[in-house]
Amino acid sequence: MVRTADPTNLSTYEPILLRHVGVPEARTLEGYRARGGYKAAEKALTQMSADDVIDEVKRANLRGRGGAGFPAGVKWSFLPKDRTVTYLCVNADESEPPTFSNRVLMENDPHALIEGTIIAGYATRATTAYIYMRGEFWEQFHIVQKAIDEAYAAGILGKDIFGSGYGLNVYIHRGGGAYVCGEETGLIESIEGKRGWPRIKPPFPAIEGLFRKPTVVNNVETLCNVPHIIERGADWFLGIGPEGSSGPKLFCISGPVKKPGCYEWAMDISLRELIEDPRFGGGMRDGKKVKAVFPGGISMGVVTGDELDMKMNFTDPAKFGLLGLGTAAAVVVDDSIDIRTVIRNVARFFSHESCGQCTQCREGTSWMFKMTDRLAGNLGRREDLDLLAEVSGNMGMMPGMSICGLSDGAAFAIKTVIKKFRSELEECIARENPEAVKIALEVVN
Ligand SMILES: Cc1cc2nc3c(=O)[nH]c(=O)nc-3n(C[C@H](O)[C@H](O)[C@H](O)COP(=O)(O)O)c2cc1C
Ligand code: SF4
């Protein structure tokens, strides 16, 4: 279900990214242009140099919306000056559970994505862009492909766009449905027709990416912000939200809230507002209470019902022990749910999705699943909690042990649940498996 914040209640915020939700005619080229579409691309290509565009996006401090929050303009400026070929990859894999904001954008505003892609392509001197789209996005594939066809027919894609001399070809590459293919180098391998195994970095894609050429990978939401920055300027963008977390942002909310959906606001919103405010989640259904929330997709970790004052920006999540803001997609767990089933599902996901190249990720996610499966099946032992904490504590990228961030995500999801829900897990073990507790106490004594 897709919702924008209730316009009748909007006194301080004008939807920017979701302005075309519920406006089906904006999906067509004619309807998009009638609403001012492609003016920013025309401005960029005919009145600005590529470096001007990069400088404006850098000044706006547009941080990547795909999960890592890296500033887009800075990423673009890492491309070698003497390059002859550049590729642009649009990350539309949207594989992080429970994230669906890219889907909403592609469904409702496909030309906005194409416009952002044209401007980013011009800035980075890319003449070919691949939109790597999650395989399950069948309907969205057709919507975006139709928009691409319309743009070609109107001369907005292809050679000499707006008479600027700049040309761009855009292709959609459909993924096969693996989480790890959303990781930028797994995505690149997949476009090359190989198994989507992430690459060891360095070299980073800006130096050696798709077909071993300099490449930029950007998320759909990141690119949809770019036309607005070009049209209204970096200062306007910096004026939305707190310092370091500027610009419009999409937030997904799912679970037992009254109004699950995708909402837009500035990054000054708190998790509590996202859940409770009638403009967003609208509160819990059937009088349920919030027990836990994974606020940034599951791989950023969990907060408890007492930690809802966390701001959904790029800095606050770390103060609550999370890996980051991630995809800003919150999944709410209510007080009727056994935390053991939650941790088991999370571990099962990562174990299934690990590509298996790195030993600690392959083995660690598999052990974590076996232990959490035991816990959920009433056969958990108290020492399993320490073991789970130890395994997850040794899985991150920081010690340089893994090729990509999946390992970090798996570790944060599990270790934050163990840390924040330890007493509940211990109670379950003591209640359901007293024999194991007794044996453990005998061993200790
Ligand atoms: C396991 C894993 C899965 C990822 N999945 C996605 C994804 O589905 N979509 C996405 O945009 N970024 C995903 N990322 C992040 C990308 O590697 C990359 O940082 C991002 O696409 C860059 O775009 P941005 O700078 O515009 O955010 C994933 C990262 C990891 C480690
Ligand atoms: S960290 Fe995990 S998913 Fe990433 S490359 Fe290594 S094994 Fe594969």
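Visitor: Which residues are the closest to ligand 2, and how many surround it?

Guide: In this predicted model, ligand 2 is surrounded by 14 residues, the closest being Cys355, Cys358, Cys361, Ile403 and Cys404. A residue enters this shell if its C-beta atom, placed from the backbone, lies within 6 Å of the ligand.

Visitor: What makes up the shell around ligand 2 by class?

Guide: Eight nonpolar, five polar and one charged residues form the shell around ligand 2. Cys counts as nonpolar, so Cys355, Cys358, Cys361 and Cys404 belong to the nonpolar class. At least two residues of this shell come from each of helix 14 and helix 16 (406-420).

Visitor: Why are helix 14 and helix 15 called roughly antiparallel?

Guide: Helix 14 (residues 359-376) and helix 15 (residues 382-393) pack at an angle of about 160°. Angles over 145 degrees count as roughly antiparallel, and the two helices are therefore roughly antiparallel to each other. Their axes lie 10 Å apart, and helix 14 passes helix 15 in a left-handed crossing.

Visitor: Which residues of helix 14 and helix 15 meet?

Guide: From helix 14, Gly364, Trp367, Met368, Met371, Arg374 and Leu375 take part, and they meet Asp384, Leu387, Leu388, Val391 and Ser392 of helix 15. The contact of helix 14 with helix 15 has seven nonpolar, two polar and two charged residues. Arg and Asp count as charged, so Arg374 and Asp384 are the charged pair of that tally.

Visitor: What surrounds ligand 1, and which domains contribute to its shell?

Guide: Ligand 1 has 24 residues around it, with Gly64, Gly66, Gly182, Thr222 and Gly405 the closest. At least three residues of the shell come from each of domain 1 (17-238) and domain 3 (339-444). Strand 4 (residues 215-219) gives the largest share, three residues.

Visitor: What makes Gly64 and Gly405 polar in the class count for ligand 1?

Guide: Gly is placed among the polar residues by the classification used, so Gly64 and Gly405 count as polar. By class, the shell around ligand 1 has eight nonpolar, ten polar and six charged residues.

Visitor: Where do the domains lie along the chain, and how many residues do domain 2 and domain 3 bring to their contact?

Guide: The protein chain is divided into domain 1 (17-238), domain 2 (249-334) and domain 3 (339-444). Taken over C-alpha atoms, the centres of domain 2 and domain 3 are separated by 23 Å. Eleven residues from domain 2 and eleven residues from domain 3 form the contact. On the side of domain 2 that touches domain 3, seven residues are nonpolar, four polar and none charged.

Definitions and conventions: Residues are numbered from 1 along each chain as its sequence is written. Chains are lettered from A and ligands numbered from 1 in the order in which they are written. This is a predicted model: local features need pLDDT of at least 70, side-chain atom pairs count only at pLDDT 80 or more; totals for chains, interfaces and linings use all residues. Helices (H or I, at least four residues) and strands (E, at least two) are DSSP runs, numbered from the N terminus. Domain bounds come from an automatic or database domain assignment. Axes are lines fitted to C-alpha atoms, for helices over the stretch in contact, and angles run from 0 to 180 degrees between N-to-C directions. Angles under 35 degrees count as roughly parallel, over 145 as roughly antiparallel, 65 to 115 as roughly perpendicular and the rest as oblique. A crossing is left-handed if the near helix is turned anticlockwise from the far one by less than a right angle, and right-handed if clockwise. Two residues are in contact if their C-beta atoms, placed from the backbone, lie within 7 Å.
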